[in-house]
Amino acid sequence: MPVKRIQPMKLQARRHYVELMFQVMGRALQALSEVDETTREEMRALPEGFLFELQVMPNGPTLVIEHTGAGKMRFHGNRPPRKVDLSIQFKHMAHAFLVLSFQEKTSVAFANDRLLVDGDISYAIRITRVLNRLEAFILPKVVARRAVKEYPADLRLPEKLMSAMRIYLRVATHSVETARA
Amino acid sequence: MTNKYYEFFCPVKVIAGKAALEHIPFELTGLAAKRPMIITDKGVRAAGLLETVIAACEDSGLEIVTIYDDVPPDSSTTVVSTIAEVYNKEKCDSIIAIGGGSAIDTGKAVNILVSEGGTDLSRFSGAGILKRPLKPFFVIPTTAGTGSEVTSVAVISDEKKGVKLPFTSSFLLPNAAIIDPRMTLTLPPHITAATAMDAMTHAIEAFTCLAKNPLSDAYATSAIKKISQNLLTVMNNPKDEHGRLELAQASAMAGIAFSNSMVGLVHALGHATGAICHLPHGLCMSLYLPYVLEFNLESIREPLSELLLYLEGPEVYSATPASRRAEASISAIRKLRDALHKHCELPRTLKETGKVLETQLEAIARQALDDGCMMFNPREVTFDHAIGVLRRAWS
């Protein structure tokens, strides 16, 4: 009997973890576009108002981001204000957990057919580069190496620490503002 | 516990070898098809290849209802709609595509329209849109390189919107791929060389990129061995039926391998070069392959070392120290490329093509970075990396 009870709890915990990570990532992406010029350069190639989502199939946790122009991103929570232009979907919660707990790199998840892309693949590639950059900034190097294909050789510790601090500060501020609202 | 995972799928019946074409009537009957339409291009007709197919069918009392032989090298939605109209008007019930990548992709797209109905092909663009099997569809490749006869992808230009529409679905896979050595016997030397190097690249990237798996590895290594052993023999003796069949089989095997494990930077650069400079795809593959392998070397040393066995044979493999095998594999590919240059002046550098300007390299690098294949390359590629590879390939 205890095993039967523990199993749903484990699945619940996994779901909560993925939801939490999506919340953190969404806010962190918005912050990253405010502090990092390379990210803004990547995002400028996307049309203004471009909406994309990361989602767990079917109808699982969702992260919605809009390119508001000039390379800046806005986190829309888990509900898109209109039909998204690009959807990157994990086939199952277990697959999302593998990636978000850094057991499987994003590129490997794509190679392992864990993800589906509905929309322009070239934009998906660009957004994956931005996600990799975010992970390289905000995760300790030893963890980031497990998350990205190749840790950027030109990312020095002072730049990483400064950027990470600014991103985390903005994530915290944004979270507090959301809670107040 | 291992994190390894893979998927592998290829339901295409491969009908290969001597008198393979003569199996078409029986195979069509097995799918309850009696009124096939042939889709092909002017080159195939001019080479006299259609007659062989028609004779093989008519000998068994199977009438080819209609033939569309005007597929352009870069097929469009207009062409697809025109062919679909003919198909419906003539009450056909199956499609036989004969040719290279364009004729085969056109056949796949026509099959969507005639099976799903309507005239707007763009409705079906994207991945996984098709939800049910299409009409019986056979493919007879006349080049040994693209592997389109075993892939679930088609790309068609939308002239009005000025974009290329990709279609991906397992339902696009042909029911059968007919590989008959008679169909590639007349292939000119430079096309034989470029398409074979396309197949070689499919196999090598399938074996060295991120989505490699045990089943695609088996197909990839067999394809590499067949190409290495037969390409120069066929270049010396174009009428060598055995060699032609080996190359055609290698192309299908490489197609099965890469459609299940994807490709990487060579293809990303090739797609961009094709789009910007209109350089033939096979030629791009031949040009970039050694330079990309050098770039990826430290990430792929182990599989690349293994490939020496299939590229050069057991004697060279065993005589080469394990630590030098990866470099020896690259040398073997360079040697093959140089031999092809000697045979038919297949360009070895971008400069030699005469169609690429040095000022276009940056645009090629930028476009390549956003190519879908980039995801599967074993190394992360930045703009500086891509431009570095292009400069080495320049001259």
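Me: A residue is buried if 20 or more other C-beta atoms (placed from the backbone) lie within 10 Å of its own, exposed if 12 or fewer do, and partly exposed in between. Why does B:Arg182 count as buried, exposed or partly exposed?

Reply: B:Arg182 counts as partly exposed because 18 C-beta neighbours lie inside 10 Å. Before going on, note that this is a predicted model: local features need pLDDT of at least 70, side-chain atom pairs count only at pLDDT 80 or more, and totals for chains, interfaces and linings use all residues. Residues are numbered from 1 along each chain as its sequence is written, while chains are lettered from A and ligands numbered from 1 in the order in which they are written.

Me: Where along chain B should I look for B:Arg182?

Reply: Helices (H or I, at least four residues) and strands (E, at least two) are DSSP runs, numbered from the N terminus. B:Arg182 sits in the loop that joins β9 (176-179) to α6 (189-208) of chain B. Try finding B:Ala19 too: 163 residues separate B:Arg182 and B:Ala19 in sequence, yet their C-alpha atoms are 8.7 Å apart in space.

Me: How do I read a sheet, and what is the strand order of the five-stranded one in chain A?

Reply: Strands of a sheet pair through backbone hydrogen bonds, either parallel or antiparallel. Two strands count as paired if DSSP finds at least two bridges between them. In chain A, five strands make an open sheet in the order β3-β2-β1-β4-β5, and the pairing is mixed. β3 (72-75) and β5 of chain A are the edge strands; each has a single partner strand, so one side of each has no neighbour in the sheet. From one strand to the next the twist averages 20° (axes are lines fitted to C-alpha atoms, for helices over the stretch in contact, and angles run from 0 to 180 degrees between N-to-C directions).

Me: Which way do β4 and β5 of chain A pair, parallel or antiparallel?

Reply: Strand β4 (residues 86-90) and β5 of chain A are antiparallel, with four bridges between them. You can trace two partners: A:Gln89 bridges to A:Leu116, and A:Ser87 is opposite A:Asp118. Now look at the side chains of β5(A), residues 115-118, which alternate. A:Leu115 and A:Val117 point to one face and are buried, whereas A:Leu116 and A:Asp118 point to the other and are not.

Me: What can I look for in the loops of chain A?

Reply: Backbone geometry is a good start. The peptide bond from A:Met57 to A:Pro58 is cis, with omega near -15°, and A:Pro58 belongs to the loop between β1 (51-56) and β2 (62-69) of chain A. In the loop between β2 and β3 of chain A, A:Ala70 has a positive phi of about 55° although it is not a glycine. A:Ala70 is exposed, because it has 10 other C-beta atoms within 10 Å.

Me: How is the three-stranded sheet of chain B ordered?

Reply: This open sheet runs β5-β8-β7, with mixed pairing. Its edges are β5 (126-127) and β7 (153-158) of chain B, each with a single partner strand, so one side of each lacks a neighbour in the sheet. β5(B) pairs with β8 (residues 163-168) of chain B in the parallel sense over two bridges, and B:Gly126 faces B:Phe167 there. Helix α5 (residues 101-116) of chain B lies across β7 and β8 of chain B, at about 85° to β7(B).

Me: What does the domain assignment of chain B give?

Reply: Domain bounds come from an automatic or database domain assignment. For chain B that gives domain 1 (13-182) and domain 2 (187-394), with C-alpha centres 27 Å apart. In contact (C-beta atoms, placed from the backbone, within 7 Å) are 17 residues of domain 1 and 22 residues of domain 2 of chain B.

Me: And which residues have the most contacts inside the largest nonpolar core?

Reply: In soluble globular proteins, nonpolar side chains tend to be buried together. A nonpolar core is a set of buried Ala, Val, Leu, Ile, Met, Phe, Trp, Tyr and Cys residues joined through C-beta atoms within 7 Å. The largest one here has 182 residues, and B:Ala203 and B:Ala223 have the most contacts inside it. Helix α10 (residues 281-312) of chain B gives the largest share of this core, 16 residues. Setting aside neighbours within four places in sequence, B:Ala203 touches B:Ala220, B:Ala223, B:Ile224, B:Ala254 and B:Ala257.

Definitions and conventions:
Two residues are in contact if their C-beta atoms, placed from the backbone, lie within 7 Å.
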